[in-house]
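This report looks at how charged side chains are placed in a protein chain and at a few points of unusual backbone geometry. Please view the sequence and the structure together before reading on.

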Amino acid sequence: MSTYEFYYDETEHSRKINYKTMSAENYYDNFVTMIVGWSSEKDEILQRHADFEEKYTDRKDRNGEIKSTMLQQKQFRHGFASLNKQNAQFVSDFLSLFDEESHIYFSVGSKIEYLVLQLFNGYRNCFLIDTDLMKYSITKALVMYRPQEIIKCLYESPEDFLEKLKSFFRDRIECNENNPKLKQRETRAFQEILLVLDDISQSPTIDWDYHMSFDGFKKYLGEKGIREYTLVIDKEGKEGEDSKTLKAAREVGLDNSDEANSMQYPGLRMADMMAGIISKLLKGLCDSLRYQSLDESTSKKVLGTGWFCLSEVQLELYKKLYRIICEWQPAWYKSYSGIYSDDLVAFNALLNFMNHFESVEQIRADIDMQGEYFNAFACEQLERYFEQRRFKLPVEPVIPFDEESYMNKRGGKVYFDSKKQPLLPLSGTSQTFEVLSVGVDQNFTPTVTVLKDGEPVCFRLPEELSEWACNVVGMALMGIRIFPANVTVSKVNGMYDAEIL
């Protein structure tokens, strides 16, 4: 059995979450962590990295390291399109270090969400109130609008925080009346939030939790079936003292973890650079789509044409990063986030959107409309995420099967590409199935696992049964466990129906 070597670093980390850090001009809400790794038997990547650092010796800092801080955020104002020729080549050479056997895991966690979670500590989902969705809506509002009076209140007068928050949502509802069609869903969410906030009396505590990113990585190792590994974490703090980061890794069960100095471990420098590139892309995307003032908040935000004025080299950067993040070593837990993950969803949408172009000429042919096209594509991805949060369908793979699929909890084979999932077959106009579970795949497509010839088999449900599947899972959330059970599926006049016997 192979042993794997993994290396961890982080960026956009506020050691202390306070008003000074959150109101700073260069503040970014997301805390980004990165882990890169490979089999110890296939460490050619280290030689490639040594050659890379030799080529760019002039970019080393005073400690003799090439770190992501040498790439300035302004270079990513329009994503890869704003990189100059030298930096574009640098990033291209760095991304070329990775291949199909390299492992990449990263997490994106909202700092504001962590504060909101403290506010709702003890609140659980019920039939009438989806507190997860409410936490998402509050976090999204505070991230998008960045109301300074609310953020300042958290630190200077936390006892007034709830009243300030309620006042903010009332003001937003009133402002949204200027464009009710665009803001209809937001207004409804804010009205529901106000009803719940009236029932809360506590103020949130302010601190940072390091466990989330390691929770995701532990799941990634399980999904990939990796049992023998080492995890090296970039050393922080004083010598002889274990950091909070290392303690968190060990507390979630990553026992084979330790700290080291990045000067001695090239893998740590690679994790730092990859974290820096991704976080700068995330921040550039967020800044371009975030409302810069409350006055413009009733207008639609789209990416400017600057994002699409790409050279062939810059377009190839998106394609390289797409392969690393989206194609190579596919895994459900390759990226990880909390309840609020709009930036991560938009980032993945950007990679997919750019990857579908064959050349820059194809982009330039309709460049003035590319921002609108991307906006529609990204909104579709966000809508799917929103529906997933709303309906709470189970989406977690359990046991890896092969490169194309995983096994769900009932033992049914689920394809990463939902188009390959076989449609539930019907013999005649009606058929009864022994249903083991109803769930959703990684693309949020409703599925059903049935017992067929004594073996569990997962099928894709017809689109007409999507609402039925969501209702069934909603009942399970309230503690009403239905399956295993017999279900009769019928098709009459082209319409599907399902009845639990």
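Arg-250 has a relative accessible area of 34% and is therefore partly exposed. Its side chain meets that of Asp-258 in a salt bridge, with 4.0 Å from N to O, and Asp-258, at 44% relative accessibility, likewise counts as partly exposed. The model in which this pair is found is a predicted one, and the structure holds 11 salt bridges, three of which are set out below.

| Salt bridge | N to O distance | Citation |
|---|---|---|
| Asp-342 and Lys-140 | 2.3 Å | closest N and O atoms |
| Lys-183 and Glu-186 | 3.8 Å | closest N and O atoms |
| Arg-250 and Asp-258 | 4.0 Å | N to O |

The pair of Asp-342 and Lys-140 links distant parts of the chain, since Asp-342 belongs to helix H13 (residues 342-355) and Lys-140 to helix H5 (residues 131-145), 202 residues apart. Asp-342 is buried, with a relative accessible area of 5%, whereas Lys-140 is partly exposed at 28%. Lys-183, the partner of Glu-186, is buried, with a relative accessible area of 6%.

Charged residues without a salt bridge also deserve attention. Which side chain of opposite charge is nearest to the buried Lys-67? That side chain is Glu-65, at 4.2 Å, and Lys-67 has no salt bridge; a salt bridge requires a side-chain nitrogen of Lys or Arg within 4 Å of a carboxyl oxygen of Asp or Glu. Lys-67 is located in the loop between helix H2 (44-55) and strand E3 (77-80), and, when neighbours within four places in sequence are left aside, its contacts are Asp-61, Ser-262, Asp-272 and Met-273.

Asp-272, one of these contacts of Lys-67, lies in helix H11 (residues 266-289). Asp-272 is buried and has no salt bridge either, the nearest side chain of opposite charge being Lys-67 at 4.5 Å. With neighbours within four places in sequence again left aside, Asp-272 is in contact with Asp-9, Lys-67 and Ser-68.

On the surface, a patch of negative charge is formed by Asp-43, Glu-44, Glu-100, Glu-101, Glu-327 and Glu-403. Among them, Glu-100 is placed in the loop between helix H3 (85-95) and strand E4 (103-110), and its relative accessibility of 54% makes it count as exposed.

The backbone offers further points to inspect. Most residues other than glycine have a negative phi, and most peptide bonds are trans. Asp-453, although not a glycine, has a positive phi of about 55 degrees; this residue sits in the loop between strand E12 (446-452) and strand E13 (455-460) and is exposed, with a relative accessible area of 75%. Asn-493 also has a positive phi, near 55 degrees, and is found in the loop between E14 and strand E15 (495-500), where its relative accessibility of 77% counts as exposed. The peptide bond from Phe-483 to Pro-484 is cis, with omega near 5 degrees, and Pro-484 lies in the loop between helix H16 (466-477) and strand E14 (485-492).

For the chain as a whole, 16 helices and 15 strands are present, and buried residues make up 52% of the 501 residues. Of the contacts with a separation of 6 or more, 74% join residues 24 or more positions apart. The chain exposes about 24000 Å², of which carbon and sulfur atoms supply 47%.

Note on methods
Residues are numbered from 1 along each chain as its sequence is written. This is a predicted model: local features need pLDDT of at least 70, side-chain atom pairs count only at pLDDT 80 or more; totals for chains, interfaces and linings use all residues. Side-chain values use heavy atoms; hydrogens and water are left out. Patches are made of residues with over 30% relative accessible area and no salt bridge: like charges are joined within 9 Å, nonpolar side chains (Val, Leu, Ile, Met, Phe, Trp, Tyr) within 5 Å. Accessible areas come from the Shrake-Rupley method with a 1.4 Å probe; for residues, only the protein chains shown count as cover. Lys and Arg count as positive and Asp and Glu as negative; His and the chain ends are not counted. The place of a charge is taken as NZ of Lys, CZ of Arg, CG of Asp or CD of Glu. Helices (H or I, at least four residues) and strands (E, at least two) are DSSP runs, numbered from the N terminus. Buried means under 20% relative accessible area, exposed over 50%, partly exposed in between (1.4 Å probe, protein chains only). Contact means heavy atoms within 4.5 Å.
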